[in-house]
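Me: I would like a close look at one part of the model below, set in the context of the rest of the chain. Please go through it slowly and state the criteria as you use them.

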Amino acid sequence: MEQPTTVAQAIAVQEELRGLVECVDVGTPPQYVAGLDVAYDGDRLAAAVVVLDGATLAEVDRVVVRGETTFPYVPGLFAFREVPALLAALEQLGTTPELLVCDGQGLAHPRRFGLACHLGVLTGIPAIGAAKTTFVGSHGSHGELARERGATAELVDDGEVVGAAVRTQDGIKPIYVSVGHRVTLATAVAHVLRLTPRYRLPETTRRADRACRDGLSDGWAGWGGFLADSGVEPSPTSSAAGEEAAEDEG
DNA sequence: GCGACAG
DNA sequence: ATCTTGTCGC
């Protein structure tokens with residue numbers, strides 16, 4: 001039952017896989033870090049995986065696949081909408097990332113099995129969730145997080161610490177980080193801070209967002225199901241100068 | 001009971 | 001997610 005059709009089936013899958021989440025650090029600091037995101041245009045979609053060098057944040061690989069939606073957006077079942085395309089993109093990758101930075105929640109989910117947990121468990125690759133807004137839980141009463149970059153506050157839901165609000169830049173809205181798989185919350189937060197030298201969102205997320213969005217524009221010339229446009233191509237459009245107007249937010 | 005609800 | 005220009009600020 002890996003490709004559920006109904007809400008009940010999807011919830012059953014989450015209940016079944018949630019027990020496989022590992023909340024511990026494994027391996028060495030990642031050399032390759034991947035950002036994943038999906039963009040939509042009606043029932044069509046483009047999923048992107050962009051791999052960056054963990055130390056320099058330079059892009060080393062990327063894959064964009066296009067296809068069609070197979071599951072509607074249902075709060076709490078978001079993963080079932082994005083996972084098929086993201087897995088297809090990961091398979092096309094010529095590199096093996098050691099960390100997946102997902103655009104959504106990990107354990108900060110009503111059933112403690114958000115997108116990051118789902119992708120982590122299915123791939124076995126350490127994964128973290130980095131969301132722009134909260135889904136469950138709050139941090140208000142648990143001490144306001146300081147205005148400075150690096151400040152954090154526990155994200156608590158139903159008396160349980162499910163993640164952390166993380167201020168990635170001075171004086172800007174925090175993002176919400178949670179464990180996906182094979183990582184601890186502290187390590188997940190550290191990774192996010194290393195990936196946000198300048199903007200609110202991780203570089204991985206920003207690059208993946210741009211990639212899948214561009215993938216939607218590039219037309220649909222007779223696709224045959226998750227066709228991929230991949231490889232390390234000398235970025236023709238985006239260059240060094242004039243990239244100052246790019247803001248985060250969805 | 002009513003509203004809120006990752007992207 | 002997506003609809004959307006100019007504008008304020010560093």
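Which residues in H4 are buried?

Reply: This is a predicted model, in which local features need a pLDDT of at least 70 and side-chain atom pairs count only at pLDDT 80 or more, while totals for chains, interfaces and linings use all residues. Residues are numbered from 1 along each chain as its sequence is written, chains are lettered from A and ligands numbered from 1 in the order in which they are written, and side-chain values use heavy atoms, with hydrogens and water left out.

In H4, the buried residues are Ala188, Val189, His191, Val192 and Leu193, where buried means under 20% relative accessible area, exposed over 50%, and partly exposed in between, with a 1.4 Å probe and protein chains only. These buried residues pack against S4, strand S5 (127-131), strand S6 (152-157), strand S7 (160-166) and S8; contact here means heavy atoms within 4.5 Å, and helices (H or I, at least four residues) and strands (E, at least two) are DSSP runs, numbered from the N terminus.

The helix belongs to a chain with five helices and nine strands, and from the N terminus on the elements of chain A run α-β-β-β-α-β-α-β-β-β-β-α-α-β. Of the 250 residues in chain A, 49% are buried. Among the contacts in chain A with a separation of 6 or more, 66% are between residues 24 or more positions apart.

The loop between strand S8 (175-181) and helix H4 (185-194) contains Arg182, which counts as partly exposed because its relative accessibility is 29%. The phi of Arg182 is near 50°, a positive value in a residue other than glycine. Most residues other than glycine have a negative phi. Leu57, too, has a positive phi, near 65°; Leu57 lies in the loop between strand S2 (44-53) and strand S3 (59-68) and is buried, with a relative accessible area of 17%.

S4, one of the strands that H4 packs against, leads to another loop of interest. The loop between strand S4 (99-102) and helix H3 (115-123) holds Asp103, and His109 also lies in the loop between S4 and H3. The UniProt annotation "binding site", from an unreviewed entry, covers Asp37 and Asp103; UniProt positions are given in the numbering used here, feature names are shortened, and annotations may be inferred rather than shown by experiment. The two annotated residues span 67 residues in sequence, yet their C-alpha atoms are no more than 6.1 Å apart, so they gather at one spot. Both Asp37 and Asp103 are in the lining of the second largest pocket. On a 1 Å grid over the protein atoms alone, a pocket is an open set of points where a 1.4 Å probe fits, with protein on both sides within 12 Å along at least five of seven lines, and lining residues have an atom within 4 Å of a point.

Asp37 is found in strand S1 (residues 32-41) and counts as buried at 5% relative accessibility, and Asp103 is buried as well, with a relative accessible area of 15%. Leaving aside residues up to four places away in sequence, Asp103 touches Leu36, Asp37, Phe78, Leu115, Ala130, Lys132 and Thr205. The side chains of Asp103 and Lys132 are joined by a polar contact of 3.1 Å, that is, a pair of N or O atoms within 3.5 Å, of which, within protein, one must be able to donate a hydrogen and the other to accept it, with residues adjacent in sequence counting only if both atoms are side-chain atoms. His109 is buried at 4% relative accessibility, and its side chain reaches the backbone nitrogen of Arg111 at 2.9 Å.

Lys132 and Phe78 recur beside the nucleic acid: 15 residues surround DNA strand B, the closest being Tyr73, Gly76, Phe78, Gln105 and Lys132, with nearness set at a heavy atom within 4 Å. Sugar and phosphate account for 49% of the atoms of DNA strand B that come within 4 Å of the protein. A polar backbone atom of Lys132 is 2.9 Å from a phosphate oxygen of DNA strand B, a polar side-chain atom of Tyr73 lies 2.6 Å from a phosphate oxygen of this strand, and a backbone N or O atom of Leu115 lies 3.2 Å from a base nitrogen.
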